[in-house]
Amino acid sequence: MRIIGTGSFDANRTTMTNSLAAAMLTRPEISNNVVNLFESQFSAFSSFLARRGLTKKGAYPDMQSPDFRVVGNRKFMWAVKGYPFRKGKFLAAGTDPGSNGVFTITLDTNYFSPYDNLELGDRRSILQVMDEYPLESATVAGGWEYQVKAVNNSGGTTLAALMAVGKEVGFSHTAFPELSETGYEKNTYPEWHTNYMTIQRMQYSISGSAQNTVLWVEHNGQKLWFRIQEMEMMRRWAYARENQLIFGKATIDANENTYVRDLKGREVIQGDGLLAQGDGSLKVQYNRLSIKVLENLMSNMQLLSNGDGVTELFLMGGQALIWDFQRLMRDVFKYNPQPMYVGGKGGGGVKVNFNSYEMGGVKIITAWNKAFDAAWRPSDKDVYGTNKESYRGIFVSLGNTIAGEPNVELVTLGNGGNKRSFIKKTIDGMASPGKGGKEFSSTSMDGYQVQILSETGICMKNPFGVAELYKP
């Protein structure tokens with residue numbers, strides 16, 4: 001969808017040409033593409049989702065499916081098929097006896113079973129879980145105590161350094177005695193992740209004399225019109241929704257306790273955005289962007305990807321990061337040079353514009369999100385006077401998960417006329433949109449008011465599918 005110019009409101013002409021508002025009622029897919037009008041300003045992420053068709057289709061209140069659920073009309077859950085095994089961390093230092101005796105370890109999970117062999121961080125040292133289930137720790141909150149023995153044939157070992165608090169442990173294999181009674185289950189699928197939708201609202205008012213100037217837009221070859229004031233309202237909405245989808249933080253916990261209420265005591269529910277759903281280990285601080293920094297992050301996201309084929313990453317960032325990326329690509333380009341000279345009347349020049357980089361089965365597609373550089377947002381500047389947010393970059397993995405579902409999707413409820421992704425209503429006064437007058441009005445104001453409401457959320461199927469680069 002793109003703007004093609006301004007014009008005047010013509011009552012005779014509008015009987016043959018659809019308004020943007022009317023078109024969104026009959027063709028709801030247009031509402032997803034409205035944000036494309038502001039793609040070059042501050043809706044790079046939501047515009048990309050719209051162009052790719054990455055929206056959850058057919059969702060409705062209380063729907064149930066094997067991999068997606070809607071609870072009520074705000075809460076939605078999705079099944080995550082992640083890695084086939086889990087790992088744990090030591091919550092208390094292991095008491096290694098230095099002999100072949102039994103000792104206790106305290107982990108943050110009860111995933112492991114009797115007769116499991118657990119590998120420690122060096123992937124060489126092994127602990128055998130004894131023939132008892134783990135017990136909940138009486139001294140360490142959230143801890144599970146296992147009775148274990150070190151696996152060796154020498155009668156002694158020293159593992160204390162590998163069993164310090166925070167060290168990791170994982171499943172390696174099993175070892176059972178002859179005539180053992182049973183095996184043990186380990187289920188990792190599905191893990192159900194939860195998020196909530198966020199309601200946003202905007203409005204504009206217009207006087208009866210000011211409603212004649214309109215903007216013309218084009219969508220798939222069809223020309224549509226809408227008013228200048230509506231354009232400004234939609235700009236605010238696109239900016240606000242983009243921020244919520246990326247930076248939003250939930251106001252409701254796993255036990256459905258709401259932590260934000262208005263002064264009337266009503267719950268204000270918000271869902272987590274992209275960054276809040278991502279794993280904190282993929283927030284990378286850097287001082288100078290280099291190929292090494294990029295490729296290190298690319299390789300990590302490839303290792304953590306739970307899909308097949310090329311790992312495609314969408315990178316949105318501020319101007320400083322995008323310019324640094326262009327300079328890096330120019331340096332890489334030198335090793336396989338092609339002409340960058342652009343000729344023409346009045347002289348020539350050099351044109352360099354790179355928006356993707358692929359290596360080792362990982363592809364980056366870049367886009368400048370101007371909201372990172374917006375002058376109206378609070379900022380913290382470096383010693384050169386550059387906004388630190390301008391160096392920020394957010395990577396989103398676009399590939400499918402193991403289950404074949406897109407890794408990231410925009411979620412909204414409703415079908416047909418009850419669709420909640422974008423609702424627009426007009427409150428008539430002495431003026432009303434469209435042609436002709438009306439005998440009755442809702443208010444006596446010499447004009448009318450338009451209200452919009454959207455209720456959307458976002459789901460990340462793989463919490464390791466989003467990463468962040470930022471300056472200290």
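## Cores, rings and a few odd loops

The largest nonpolar core has 23 residues, and those with the most contacts inside it are Leu-294, Leu-313, Ile-364, Phe-395 and Leu-469. Five elements each supply at least two residues of this core: α7 (291-304), β17 (311-317), α8 (319-333), β21 (362-368) and β26 (466-470). Of these, α8 gives the most, with six residues. Keep in mind throughout that this is a predicted model.

To get a feel for that core, click on Phe-395. Leaving out residues up to four places away in sequence, Phe-395 touches Leu-294, Leu-297 and Met-301, then Leu-313, Phe-314 and Leu-315, then Ile-364, and finally Gly-465, Val-466, Ala-467 and Leu-469. A separate core of 19 residues lies apart from this one, and its members include Leu-54, Ile-394, Leu-398 and Leu-410. As a general point, nonpolar side chains in soluble globular proteins tend to be buried together.

Now the whole chain. The protein has eight helices and 26 strands. Of its 472 residues, 43% are buried. The accessible surface comes to about 24,900 Å², and carbon and sulfur atoms account for 50% of that. Take the contacts between residues at least 6 apart in sequence: 72% of them join residues at least 24 apart.

One helix worth a look is α4 (residues 44-52), which is mostly covered, with seven of its nine residues buried. Those buried residues are Ala-44, Phe-45, Ser-46, Ser-47, Phe-48, Leu-49 and Ala-50. Just after α4 comes Gly-53, with a positive phi of about 70 degrees.

On to a sheet. Four strands make an open sheet in the order β2-β3-β4-β12, with antiparallel pairing. Its edges are β2 (64-65) and β12 (191-196), each of which pairs on one side only. Inside the sheet, β3 (residues 68-71) and β4 (residues 75-80) run antiparallel and are joined by four bridges. Phe-68 has Trp-78 in β4 as its bridge partner.

Then there are the rings. A search of the whole structure turns up eight aromatic pairs. In one of them, Tyr-133 and Tyr-184 meet edge-to-face, 5.6 Å centre to centre and with 85 degrees between the planes. Tyr-133 sits in the loop between β8 (126-129) and β9 (135-136), and Tyr-184 in the loop between β11 (168-174) and β12, so the pair ties together parts that are 51 residues apart in sequence. Tyr-133 is exposed, at a relative accessible area of 57%, while Tyr-184 is partly exposed, at 29%. Both belong to one aromatic cluster, along with Tyr-115 and Phe-176. Elsewhere, Lys-471 lies over the face of Tyr-391, at 3.8 Å from the ring centre.

Tyr-115 from that cluster is also a backbone oddity. Most residues other than glycine have a negative phi, yet Tyr-115 has a positive one of about 70 degrees. Arg-123 does something similar, with a positive phi near 60 degrees in a residue that isn't glycine. Tyr-115 is in the loop between β6 and β7, and Arg-123 is in the loop between β7 and β8.

The loop between β6 (103-107) and β7 (116-119) also holds Ser-113. Setting aside neighbours within four places in sequence, Ser-113 is in contact with Val-129, Tyr-184, Glu-185 and Lys-186. Tyr-184 is the ring partner of Tyr-133 met above.

One more loop residue is Asn-257, found between α5 (228-247) and α6 (274-277). Asn-257 touches Thr-251 and Ile-252, again not counting residues up to four places away in sequence. Asn-257 and Glu-267 are 10 residues apart in sequence, and their C-alpha atoms are 9.7 Å apart in space.

Here is how these loop residues come out on burial:

| Residue | Relative accessibility | Class |
|---|---|---|
| Ser-113 | 5% | buried |
| Tyr-115 | 15% | buried |
| Asn-257 | 38% | partly exposed |
| Arg-123 | 68% | exposed |

So what sets the two positive-phi residues apart? Tyr-115 counts as buried because its 15% relative accessibility is under the 20% cut-off, whereas Arg-123 counts as exposed because its 68% is over 50%.

Terms used
Residues are numbered from 1 along each chain as its sequence is written. This is a predicted model: local features need pLDDT of at least 70, side-chain atom pairs count only at pLDDT 80 or more; totals for chains, interfaces and linings use all residues. Side-chain values use heavy atoms; hydrogens and water are left out. Two strands pair if DSSP finds at least two bridges between them. A nonpolar core is a set of buried Ala, Val, Leu, Ile, Met, Phe, Trp, Tyr and Cys residues joined through side-chain atoms within 4.5 Å. Buried means under 20% relative accessible area, exposed over 50%, partly exposed in between (1.4 Å probe, protein chains only). Contact means heavy atoms within 4.5 Å. Accessible areas come from the Shrake-Rupley method with a 1.4 Å probe; for residues, only the protein chains shown count as cover. Rings of Phe, Tyr and Trp (its six-membered ring) pair if their centres lie within 6.5 Å; planes under 30 degrees apart count as stacked, over 60 as edge-to-face and the rest as tilted. A charge sits over a ring if NZ of Lys or CZ of Arg is within 6 Å of the ring centre and within 35 degrees of the ring normal.
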